[in-house]
Amino acid sequence: MKVLGIESSCDETAASIVEDGKTILSNKVATQIPFHEIYQGVVPEIASRKHIEWILPVVKEALKDANLTIQDVDGIAATACPGLMGSLLVGLTFAKTLAWSLQKPFIAVNHMLGHLYAAHLTEDIQYPYLGLLVSGGHSIICKVHNFDDIEVLGTTIDDAPGEAFDKVAKFYQFGYPGGVIIDKLAKNGDPHAANFPMPIIHNEGHTYDVSYSGLKTAVINQTELFWNPEYEKTPENIAAAFQDRAVKILLRPLLQAARDTGLTTIVAGGGVAANSLLRQKLAEQKDLTCIFPPLKFCTDNAAMIAGLGYQYLSRGITSPYTVGASPRVQGFSKKGRRPKKA
Ligand code: KG4
Ligand code: ZN
């Protein structure tokens, strides 16, 4: 069964065809980075306009790479939430219209469940496991019961980790997008150059939550307070000290959740799952099996949407052509709640 996946929730226009949820026949990602770079962040208006320009050529290229016509496709899946409203609407409306005009099944997909599915594209993973979803807009630690059933244990109470990477990089003019540049700079810096604070979230019920606004403020506005005077204040040292703390903030509740749930497999997803220090630190956990998607499937792509779309379609689950886009997913902000498909 071949599913065409379409992803346009932020600043990547992507289309992919995946067979039986695993075999990637094509994977096209048109990145808008050069258009947002001068603003050091995604400009929603520019993003939606670029999606409109690129969606048709990107889908055509995905079909061409797979050596297929649209008639060969068994279903069309698209991201419906969460993301930038204008961006989401382009891919979703395109996909629904295409599916309706060809009378093909349509599947609306939750982008974050897509990120979780990314690791399943290349590995056979048994449920349940502990999920770590870390991106530019989210930070979710969850118990994963199935491809469409996650139990949220913890979230960020303020900023997402990717957002912290991006804001720090923007402030110090390291370049855009921030995460990948800080990751690179940090390789030549010393994590001990500063001792940035570790947030302590005392309140009951926050055991698995994370917070990034304090770290972001410390790195941007209070560097002197935490800087080790023996170190030169180079971009490499700033990046290394920030990244070290950013990863430790994630690890503490994640490892606590592993101990408390007894789950020994962790599956990561989302742009920040590309971070080399996070990957290294989790690989060092000898009593845990930590699975990361290949780098190209950590950041936004449509293969994860097509793969997840297949899981629904093969069980006879489809969405009405009337399904709408949504910038948020309510279930992600409440512990224990199980968010719906899209
Ligand atoms: O999943 P994604 O592509 O888009 C969202 O759904 O948000 O994630 C993008 C985020 C950005 O904040 C970017 O800076 C971050 O992922 N990112 C990284 C790395 N590569 C991308 N953060 C840390 N280290 C990386 N290597
Ligand atoms: Zn994403």
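Tutor: Let's start with a term: two residues are in contact when they have heavy atoms within 4.5 Å of each other. Keep in mind that what you're looking at is a predicted model.

Student: Okay, so for contacts between residues at least 6 apart in sequence, what share joins residues at least 24 apart?

Tutor: In this chain, 73% of them do.

Student: How many helices and strands does the chain have?

Tutor: The chain has 12 helices and 10 strands. Its radius of gyration is 20 Å, close to the 20 Å that the globule rule gives for 342 residues, so the chain is as compact as a globular protein of that length. If you box up the C-alpha atoms along the principal axes, you get roughly 65 × 45 × 30 Å.

Student: And what percentage of the residues is buried?

Tutor: Buried means under 20% relative accessible area. Here 54% of the 342 residues make that cut. As for the accessible surface, it comes to about 14,700 Å², with 52% belonging to carbon and sulfur atoms.

Student: Which residues does UniProt list under "binding site"?

Tutor: The unreviewed entry lists L133, V134, S135, G136, G137, D166, G179, D183 and N275. Such annotations may be inferred rather than shown by experiment.

Student: Let's take L133 from that list. Is L133 buried or exposed?

Tutor: L133 is buried, because its relative accessible area is 0% and the cut-off is under 20%. L133 sits in strand β6, which covers residues 129–134. Beyond its neighbours within four places in sequence, L133 touches M112, H115, L116, H138, S139, I140 and G269.

Student: Where does G137 sit?

Tutor: G137 is in the loop between β6 and β7. With a relative accessible area of 48%, G137 counts as partly exposed.

Student: Now for the backbone. What should I expect for phi and for peptide bonds?

Tutor: Most residues other than glycine have a negative phi, and most peptide bonds are trans.

Student: Which residues does a cis bond join here?

Tutor: One cis bond joins C81 and P82, with omega about -20 degrees, and P82 lies in the loop between β4 and α3. Another joins Y176 and P177, with omega about -5 degrees; P177 is in the loop between α5 and α6.

Student: What is phi for Q173, and what is it for Q40?

Tutor: Phi of Q173 is near 50 degrees, a positive value. Q173 also lies in the loop between α5 and α6, and is exposed at 68% relative accessible area. For Q40, phi is near 55 degrees. Q40 is in the loop between α1 and α2 and is partly exposed at 23%.

Note on methods:
Residues numbered from 1 in each chain as written. Chains lettered and ligands numbered in written order. Predicted model: local features only at pLDDT ≥ 70, side-chain atom pairs only at ≥ 80, totals over all residues. Heavy atoms only, no water. Helix = DSSP H or I, 4+ residues; strand = E, 2+ residues; numbered from the N terminus. Rg over C-alpha atoms; globule rule 2.2 N^0.38 Å. Buried < 20%, exposed > 50% of the residue type's maximum accessible area, 1.4 Å probe, protein only. Areas by Shrake-Rupley, 256 points an atom, 1.4 Å probe, with all protein chains shown as cover.
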